[in-house]
Amino acid sequence: MSRVLIVGAGLTGSLCACLLRREFQNKVQIVVWDKARGSGGRMSTSRPPDSWSHSADLGAQYISATPAYAESHHSLYSELLSSGVLQPLDGLVEGLQQKDYSTNYMTPLGMGSVVKHFLSESGADLLFEHHVTGLYRHGASWEVQRKQGSSETFDAVVLTMPVPQILQLQGDVGDMLSVHQRQQLDGVVYSSRFAVALFFPPDVVFSFSWAARYVSDNFCIRYIAADSRKRNADAPGRGPSLVVHTSVPFGLQHLEWDKDDVQPIILQELHKLLPDLPQPISIKCQKWRYSQVLTSVPDCPGHMTILNRPLLVCGGDAFSHSNFDGCVESALSVLNVLKASL
């Protein structure tokens, strides 16, 4: 039985694991490693420090399906809608520039529930706090080393983490990249931003009517969401949550700052925009060094194969584009490579 390691428990990695299981059933062992303490990646949902407040999406906020992707990825959208993971986004989003007659969807349980759905369907061996540091080829297999713990051997490896982290891997990966491949990977550009979640007590009711709002006249803040309202999740006994995303220029300007030094600036600007905002009971700040892909790998249809045997393939939004459907395209592309190899 082939052992396949998928590095990264974000959307691309989780969907890749799910599709691989459906294709090969029990003929393959699927292992997913992630360096974080939980799944989701940039689609993770943060729990409040206590049970008094709703959770908050610090990364992706909602899913927009163009008519073309709604058709080509119909089976996945249908699956997520019928299982209740996705629902239409009905709340008011101020300043939203709707394009291409897209349909917007939200997740009642948070964006992380999409990733958890696919991971559950995959039946993969899911291991957190497994930080891959190097890959070494040994004949027909890969020895994969991690920061803590012993190395393990796999027949195929799929890398779905951000490209700069792929280029930092020790071992044989760098030597196996062609000059052209390295140039393509070096050309990938990400935006960076900070996100802040504010958790409120149960008696708080926001004075504004919108579920989310795009801000165009602030140097720091680009987007605010009443996260529980956006998800139609307001419930008695639980306080609302509010999510703030900074602008890309602000994120780039403060990229090397400690998030604890950036948080007061964001909160000060938030108070200017929402002067009546009540006092939260807790706050969480997140730095997204690799937020969205601005420049993807050119001429790569969703993946890059570094070695055919033993298979080493890269996937993720850097090889397509930075949204739900881009990750789906990449996962489907990686699946085709795996089908030809295993």
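How exposed is R3 in terms of relative accessible area? R3 has a relative accessible area of 22%, so it is partly exposed. Keep in mind that this is a predicted model.

## R3 and its partner

R3 doesn't sit there unpaired: its side chain makes a salt bridge with E152, and the closest N and O atoms are 3.1 Å apart. E152 belongs to strand β12 (residues 152-154) and R3 to strand β1 (residues 2-7), so this pair ties together parts that are 149 residues apart in sequence. E152 comes out as partly exposed too, because its relative accessibility is 23% and the buried class stops at under 20%.

## The R231 network

Counting through the whole model gives ten salt bridges. One of the others worth pulling up in your viewer is D57 with R231, where the closest N and O atoms are 3.7 Å apart. Here again distant parts of the chain get linked: D57 is in strand β4 (residues 56-57), while R231 is in the loop between α8 (227-230) and β19 (241-246), 174 residues away. D57 and R231 are both buried.

R231 also pairs with D227, this time at 2.9 Å from N to O. D227 is buried, as is R231. Through shared partners, the salt bridges join D57, D227, K230 and R231 into one network.

## Helix α11

Next up is α11, which covers residues 324-341. Its 18 residues reach 26 Å from the first C-alpha to the last, close to the 26 Å expected at 1.5 Å a residue. Of those 18 residues, 13 are buried, so the helix is largely enclosed by the rest of the structure.

Look at the start of α11 as well: a side-chain oxygen of N323 comes to within 3.3 Å of the backbone nitrogen of D325.

## Backbone oddities

Some background for this part: most residues other than glycine have a negative phi, and most peptide bonds are trans. Two residues to check on the phi side are Q25 and E129. Q25 has a positive phi, near 55 degrees, without being a glycine, and it's in the loop between α1 (11-24) and β2 (28-34). With a relative accessible area of 48%, Q25 counts as partly exposed. E129, also not a glycine, has a positive phi of about 55 degrees. E129 is in the loop between β9 (125-128) and β10 (132-138), and its 54% relative accessibility makes it exposed.

On the peptide-bond side, R309 and P310 are joined by a cis bond with omega at about -10 degrees. P310 lies in the loop between β22 (303-307) and β23 (311-315).

Conventions. Residues numbered from 1 in each chain as written. Predicted model: local features only at pLDDT ≥ 70, side-chain atom pairs only at ≥ 80, totals over all residues. Heavy atoms only, no water. Helix = DSSP H or I, 4+ residues; strand = E, 2+ residues; numbered from the N terminus. Expected span 1.5 Å × (residues − 1). Buried < 20%, exposed > 50% of the residue type's maximum accessible area, 1.4 Å probe, protein only. Polar contact = N/O pair within 3.5 Å; in protein donor to acceptor, adjacent residues only side chain to side chain. Salt bridge = Lys/Arg side-chain N within 4 Å of Asp/Glu carboxyl O.
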